[in-house]
Amino acid sequence: MVDTVAAVAAVLLLTLVTMATRVGGVWIMSYVKITPRIEAFLKYMAVSVLISIVVPTTLAAAPRIWMAVAAAAIVAAVTRSALSAMLVGAAVAAVVKNLGM
């Protein structure tokens with residue numbers, strides 16, 4: 001079992017590191033001139049990070065997850081709503097799991 005003091009220290013350390021990266025990013029970007037190219041990069045960076053996490057995880061998962069991600073991708077493309085896509089993906093995964101797949 002993890003010692004309580006060690007757990008609290010780890011959480012505090014991770015909090016400091018997270019805050020330092022966020023504040024540091026804002027500080028560094030205050031010195032960068034925002035050009036259309038940098039603006040486009042920043043606009044699509046979150047999407048590229050999400051895709052880099054979802055694709056390898058999906059490929060390593062069960063076929064029901066493939067179906068859920070495919071359904072979410074279709075809903076996202078049609079509705080342009082991330083919330084709808086997440087809800088549909090979760091629902092498809094739950095239904096397919098309950099069907100025994």
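This report describes the helices of a predicted model of one chain, its overall spread, and several of its residues.

**Overall form**

The chain has four helices and zero strands, and from the N terminus on its elements run α-α-α-α. Its radius of gyration is 19 Å, well over the 13 Å that the globule rule gives for 101 residues, so the chain is more spread out than a compact globule. Along its principal axes, the C-alpha trace spans about 50 × 50 × 20 Å. Of the 101 residues, 9% count as buried, and the chain exposes about 8,300 Å², of which carbon and sulfur atoms supply 77%.

**The helices H1 and H2**

Helix H1 covers residues 4-29, and its 26 residues should span 38 Å at 1.5 Å a residue; the end C-alpha atoms of H1 are 38 Å apart, which agrees with that expectation. The number of buried residues among the 26 of H1 is zero, so this helix lies largely in the open.

Helix H2 covers residues 36-60, which makes 25 residues, and reaches 37 Å from its first C-alpha to its last, close to the 36 Å expected at 1.5 Å a residue. Where does H2 bend? The bend, of about 40°, is at Tyr44. Phe41 also lies in helix H2, and at 52% relative accessibility Phe41 counts as exposed, since the cut-off for that class is over 50%. Between the C-alpha atoms of Phe41 and Ala68, which are 27 residues apart along the chain, the separation is 28 Å.

**An aromatic pair**

The count of aromatic pairs in the model comes to one. This pair is formed by Trp27 and Tyr31, whose rings meet edge-to-face, at 5.5 Å centre to centre and with 85° between the planes. Trp27 is exposed, with a relative accessible area of 54%, and Tyr31 counts as exposed too, at 63% relative accessibility.

**Buried residues and their contacts**

Thr58 has its place in helix H2, and this residue is buried, with a relative accessible area of 11%. What does Thr58 contact, leaving aside its neighbours within four places in sequence? Thr58 is in contact with Ile65, Trp66 and Val69.

Ala72, by contrast in location, has its place in helix H3, and is likewise buried, with a relative accessible area of 17%. Not counting residues up to four places away in sequence, Ala72 touches Ala85 and Gly89. Helix H3 covers residues 63-79 and helix H4 covers residues 82-98, and the contacts of Ala72 can be read alongside these ranges. Ala72 and Val55 are 17 residues apart in sequence, and in space they are 13 Å apart, C-alpha to C-alpha.

**A loop residue with positive phi**

Arg80 is in the loop between helix H3 and helix H4. Although Arg80 is not a glycine, it has a positive phi of about 60°. Is Arg80 buried or exposed? Arg80 is exposed, with a relative accessible area of 73%.

**Accessibility of the named residues**

The table gathers the accessibility values given above.

| Residue | Relative accessible area | Class |
|---|---|---|
| Trp27 | 54% | exposed |
| Tyr31 | 63% | exposed |
| Phe41 | 52% | exposed |
| Thr58 | 11% | buried |
| Ala72 | 17% | buried |
| Arg80 | 73% | exposed |

Thr58 and Ala72 count as buried because their values, 11% and 17%, are under the 20% cut-off.

Notes:
Residues numbered from 1 in each chain as written. Predicted model: local features only at pLDDT ≥ 70, side-chain atom pairs only at ≥ 80, totals over all residues. Heavy atoms only, no water. Helix = DSSP H or I, 4+ residues; strand = E, 2+ residues; numbered from the N terminus. Expected span 1.5 Å × (residues − 1). Bend = angle between axes of the 7 residues up to and from the residue. Rg over C-alpha atoms; globule rule 2.2 N^0.38 Å. Buried < 20%, exposed > 50% of the residue type's maximum accessible area, 1.4 Å probe, protein only. Areas by Shrake-Rupley, 256 points an atom, 1.4 Å probe, with all protein chains shown as cover. Phe/Tyr/Trp six-rings, centres within 6.5 Å; stacked < 30°, edge-to-face > 60°. Contact = heavy atoms within 4.5 Å.
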